[in-house]
Amino acid sequence: MTVMVTNAEVLALEAAPAQGKTRATATADVPERRPAQAADRAAQPVLALSQIALTFGGVAALRDVDLAVAPGEIRAVIGPNGAGKSSLLNVISGLYRPDRGEVWLGERAFAQVPTARLAAHGVARTFQNLAIFKGLSVFDNVLMGLAHRVRSGFLRQIIGSPLARRIDAENRAAAEDVIGFLHLGEVRERAAGTLPYGLQKRVELARALVARPTLLLLDEPFAGVTLSEKLELSEHVRNARDSYGATIVLIEHDIGVVMGLSDRIAVLDNGSKIADGTPDEVRADQAVIDAYLGVAHQDITELAV
Amino acid sequence: MFDYQFLIEVLVGGLLSGVMYSLVAIGFVLIYKTSGVLNFAQGAMLLFAALTFVSLVERGSSFPVAFVITLAIMVVLRVSVERAVLRPLVNQPPTTLFVATLGLSYVIEGAAQLLWGTQVHGLDIGISDVPLDIAGVFISRFDLFAAAVAGSLVALFALFFRYTRTGLSFRAVADDPFAALAVGLRLPRVWASVWTASGIVALVAGLLWGARLGVQFSLSLVVLKALPVLVLGGFDSIAGAIIGGLLIGAIEKLSEVYVGRLFGGGIEAWAAYVVALVLLLVRPSGLFGQKLVERV
Amino acid sequence: MSAAPSTAQLLPGAGAFAITVGAAVAFGAVPLLGSDYLMDAVLTPFLALALAAVGLNLLTGYAGQVSLGSAAFLAVGAYATYNLHLRLPQLPLLVDLVLAGLIAAAIGIVFGLPSLRLRGFYLAVSTLAAQFFVQWALTKFGWFSNDNPSGVIDAPVLSVAGFTFTSPAERYVFSLSVVVVATVLTQRLLRAQSGRNFIAVRDHELAAKVIGVPLLRTKLLAFGASSFLIGIAGALWAFAYLRTVEPAGFNLDRSFQILFIIIIGGLASLRGAFLGAAFIVVFPLLLSRAGAALLGGVFDSGVLEMSQRIVVGVLIIAFLIAEPRGLIALWDRLWRAVARPAAIRNT
């Protein structure tokens, strides 16, 4: 990587007042933290975005967005529909190439993250519209999360060489572990496509966790699940961080669910970050209230019509 | 010395047969745009139409009467196909639908020949095949006629779909069937008119090709000529089908005459496919196909 | 999909028993007791088509890449074996067979390259290019058929380590051995990570990419392995079954026939490939017998051929509508109805 900016500078950049719409709530706590972070390399962000801009045919999806995610954090990115949340996640996972800006994964900066090498960089993600492999069993779906670790060629796999067998055994053990962790044991042999929606979401989470990613991206994990499933799922997300040590970035439309779950919350509106801070800070933020109430109003009128 | 006159002759001949490819391809596009089906049975339907027409004429009916009866039969066939095959398969993946039309083409080919026999029928539509001499370039009178008929039919469809109410509904359905349904368009009616239109296309194309090659089983293979056209122009673009047809017609003849010699001829069986493939690698949705932004 | 429990799961211990009995029947009883007609006109073509269907199923059923050009790879396998035998007589036949498979695989990979950018119909149409190109090349260049004017090749006698397979029973046993070995190896591939990668690419290509499935390698492996198997099937078709073949025998109809086998039998199922092949081979024979019995002389060969076309077409549509998972799904359901009560009674 030829870029000579350090992560500390990226953080500083994010904290800089020049970035426009970011509210005082977000910047207020950073000055105290900045020296500590610059000094302490352990606190280097797992993920940092600097000045990410993305347009689709002239329409701005993201406007100079900065974000820094500390190790072990559960970080939510919320915002109304069309705010750019999914675009942000797709930039982080390399599905979109931003027009400007950089994505830092640990110590490496990318203009576009190489999607095919994402897993090798310790990043896993889920998708908003389920992306499980319907034709594979639950166990095999989970096993797929380790596909990038299978280094044996197909001939070795056919004859079952010692290397192929060793990798296979390691991967199966890891998969068993996650299956137990997420209580999927009872359905482990079922074809994933035949399971109810909530369980399919859990299978996708298991597939993402099995490689023990340093960074886990969750795209609207709570969309379309029932209330009890929401509680259960958020418990799983917290456990994923606590037991598997994954730093988690999750995108959510519904502000309520993430308040109790997240350590910090970034709020996007119309492609820009309008707030970033602890749940309490975000809750009290006037811009967030405006953005959300405005949207809520529209929703209500739409429903009334 | 390079013979430019000959080049022009080959080129014009290619473009003229290209018009007929366009006609067949449009039959595909109409149905693909509205129901998302790549109707492989289009070739079989073309064969069925031509065979029915010829058999009626051989049994003493006049051209116009035979035309109308055949058209009526084609529409009935189309509608029953829609009811019996496509409707039960709605919401299935496109590949499943495609294979179903493959099965359908077997049924129609078998039925057509069982009904009307397997022998070759001549079809004389009264156009002499004495070449026309235009400024020293010889052009087949028949090709010219066929191209004129195909061309006017294509133009007629283009106007129809641009300026009539049905045409507007067609475009709406093609764009977004759910939205069209939501605003109250009656899908079955749009489908019926599209299937009728593609029935007319099948009949006319069948007659033109039949007059040229004789009405026989190999007519249904015309579908294989249309596929590279579709790939080139995009499965969902009428303009693409027209231009793709002309391009393929020209490329086929030119490559056969100037490149084919090097390999001992016969390359028109695959030249069009290779050209279409190379283009696809550069532009994966064809020359005119819509490029959709994938939502993740 | 493959959620239906296999025989072995339903009746523990019965699996090994069934395999032993099956092998004894297939390798022992059938060649000893079966008629020449049965082996020559039914079982040998069944085996060749079943192997071709296994190959196509790997590509289309498992990896989700539709191909309309299978017959091209049958032809490559047949003509490559012929030429290897002719031009490198010092090589043993089995080596010829494997090399022919590898040549088919190489050509399959070339025609599979567009799959990296093309999807669905566009890819299917591109596989047609393989179909037309190969058929053209074999007819056009005399070298492939040792300068036979119409591209016809006559198969040499099959011989392995001094033992020749000439009688129908011997050729059947040869085909059976090749098909069994090839199928077992395919099964192992499909059960390993490569097999899971195929299905992942089929079910959700983007998710597969994000997880780190190498798309390029996975798709090309699918095309290569599939063409390898189909190529070997082509060699069996030409050498063990027909023994005199011409390029026209590997036309588009043949490609469709193999596609129909995997659809009727059941996509993404190796057992389905065998069931489908059995159906496609036996069914026309039954139909012609029935036709002759019912209508006598009226039923000429032209009418027969057309009726077959119609019935095959109707069956395809009927399967797609009524049981998209094919004969194998019917089979499994039937088996469960028979086996489960028996299993419960035994416990």
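**Reading helices and a chain contact in a predicted model**

Tutor: Helix H8 of chain B, residues 187-213, has 27 residues. From its first C-alpha to its last it reaches 37 Å, close to the 39 Å expected at 1.5 Å a residue. Please bear in mind that this is a predicted model.

Student: Which residue follows H8(B), and what is the sign of its phi?

Tutor: The residue after H8(B) is B:Gly214, and its phi is positive, near 85°.

Student: How should one read the crossing of two helices, and at what angle do the axes of H8 and H10 of chain C cross?

Tutor: One considers the angle between the axes. In chain C, the axes of helix H8 (residues 193-203) and helix H10 (residues 215-242) come within 10 Å and cross at roughly 105°. Angles of 65 to 115 degrees count as roughly perpendicular, so H8(C) is roughly perpendicular to H10(C).

Student: Which residues make that contact?

Tutor: H8(C) contributes C:Ser194, C:Asn197, C:Phe198 and C:Val201. From H10(C) come C:Leu215, C:Thr218, C:Lys219, C:Leu221 and C:Ala222. By class, the residues of this contact are 5 nonpolar, 3 polar and 1 charged.

Student: How is the size of an interface expressed, and how many residues does each of chains B and C give to their contact?

Tutor: The size of an interface is often given as the accessible area lost when the parts come together. Here one may count residues: 33 from chain C and 37 from chain B. On the side of chain C, the elements giving two or more residues are helices H6 (120-140), H11 (252-265) and H13 (301-322). H13(C) gives the most, with 13 residues.

Student: What is the character of that side of chain C, by residue class?

Tutor: The side of chain C that touches chain B comprises 25 nonpolar, 5 polar and 3 charged residues.

Definitions and conventions:
Residues are numbered from 1 along each chain as its sequence is written. Chains are lettered from A and ligands numbered from 1 in the order in which they are written. This is a predicted model: local features need pLDDT of at least 70, side-chain atom pairs count only at pLDDT 80 or more; totals for chains, interfaces and linings use all residues. Axes are lines fitted to C-alpha atoms, for helices over the stretch in contact, and angles run from 0 to 180 degrees between N-to-C directions. Helices (H or I, at least four residues) and strands (E, at least two) are DSSP runs, numbered from the N terminus. Angles under 35 degrees count as roughly parallel, over 145 as roughly antiparallel, 65 to 115 as roughly perpendicular and the rest as oblique. Two residues are in contact if their C-beta atoms, placed from the backbone, lie within 7 Å. Ala, Val, Leu, Ile, Met, Phe, Trp, Tyr, Cys and Pro count as nonpolar, Asp, Glu, Lys and Arg as charged, and the others, Gly among them, as polar. The expected span of a helix is 1.5 Å times one less than its number of residues.
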